[in-house]
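Student: Could you take me through the salt bridges in this one, with a close look at a single pair and what it connects? I'd like the cut-offs spelled out too.

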Amino acid sequence: MTAQGVVPLAEIVRSGFTEGWHDGRLVALAADGSVEFAYGDVEAVMMPRSSNKPMQAVAMLENGLDLTGELLALAAASHAGEPFHLEGVRKILAGAGLDERMLACPLDWPLAEQAKLAMVRAGGDKQRVTMNCSGKHAAMLATCVINHWPTADYLAPDHPMQRASRTAVERLSGEQVHHDAVDGCGAPLYGISLVGLARAFRAAVLAAPATPERRVADAMRAHPEYVSGTDRIDTDLMAGVPGLLAKGGAEGVQAVALPDGRAVALKVGDGDHERRAVGPVLVAALRRLGVEAPVLSRYAESPLLGGGHPVGAVRSAI
């Protein structure tokens, strides 16, 4: 273990030579909530990034938001900006008597390459509604309208919406927020441990039916394409592993929970901006927990190319 509490999680193998590693931390919980295995300092503070979103959606339901199905999944999403995502975000806003001009998330392109190309070809530019967090922002605004809270400053840390989000994160993770930050979308971000993140996902899948946390988990699992998008890891895993709840975040964060309470949370230390280490490491952890499904083979390795042809892979080192 290094001084930073990280260990090698994935190795980069090119033409049979290990040319590098992705370091990080990982924790896996057993069905009873105990730590089944761990790598690195999993009690250290980390930023869950968009893996926070299911917890933030729980706070919205606890404060009167009345979304179901794909629109509730979209409230917890890092969507790809595909047409059906944008239609859903606009439905959430319209249901509260608002429009996309109220969104305070940054202007951005869709994450889906085809959706971005279509916008460019049509002469379009970055929009707030196409930013991957716009579903969460639309749902936060709708919650504000229901409670007669101000909408202009809904991202302020002391706004009732954000105080409720913080409370939900602390309750579900079972620990106090250790550090306050600002996420990429401008919303408050709450630093907890990997163990706390895994506990939060475990709590969501084990919650009683019709509770806010179970409603969020059920909506995400029933409509995974709204949580992420076409051909993305969260979508594929939730569609391919029965009962799995999954939500990734920026800077190499990923959390999942199985319906019996087993859970995994990981953080790749270098941010893994191409998401090439997250899949192999997560697959290795799930297989170690006894999970098998055809979809896992798709993400067990990330290919490395040489001259446009596969010459190696990023693969798990755990």
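Tutor: Sure, cut-off first: a salt bridge here is a side-chain nitrogen of Lys or Arg within 4 Å of a carboxyl oxygen of Asp or Glu. Bear in mind that this is a predicted model, where local features need pLDDT of at least 70, side-chain atom pairs count only at pLDDT 80 or more, and totals for chains, interfaces and linings use all residues. Residues are numbered from 1 along each chain as its sequence is written, and side-chain values use heavy atoms, with hydrogens and water left out.

Now zoom in on Arg 49 and Asp 183: they form a salt bridge whose closest N and O atoms are 2.7 Å apart. Arg 49 sits in the loop between strand E4 (45–46) and helix H1 (53–62), while Asp 183 sits in the loop between strand E5 (179–182) and strand E6 (188–193), so the pair ties together parts that are 134 residues apart in sequence. Those element names are DSSP runs numbered from the N terminus: helices are H or I with at least four residues, and strands are E with at least two. Both Arg 49 and Asp 183 are buried. On that scale, buried means under 20% relative accessible area, exposed means over 50%, and partly exposed is in between, using a 1.4 Å probe and protein chains only.

For contrast, try Glu 170 and Arg 166. Their closest N and O atoms are 3.8 Å apart in a salt bridge, and both residues lie in helix H6 (residues 160–173), 4 residues apart, about one turn of the helix. Glu 170 is buried, with a relative accessible area of 18%, whereas Arg 166 is partly exposed at 27%.

Another pair to click on is Arg 262 with Asp 260, a salt bridge with the closest N and O atoms 2.8 Å apart. Here Asp 260 is partly exposed, its relative accessible area being 35%.

Salt bridges can also join up: Glu 62, Arg 171 and Glu 213 are linked in a network of them. Searching the whole structure turns up 17 salt bridges.

If you're wondering about covalent links, the search of the whole structure finds 0 disulfides, a disulfide being a pair of cysteine sulfur atoms within 2.5 Å. Cys 185 is in none, as the nearest cysteine sulfur, that of Cys 133, is 4.1 Å away. Cys 185 is buried, with a relative accessible area of 2%.
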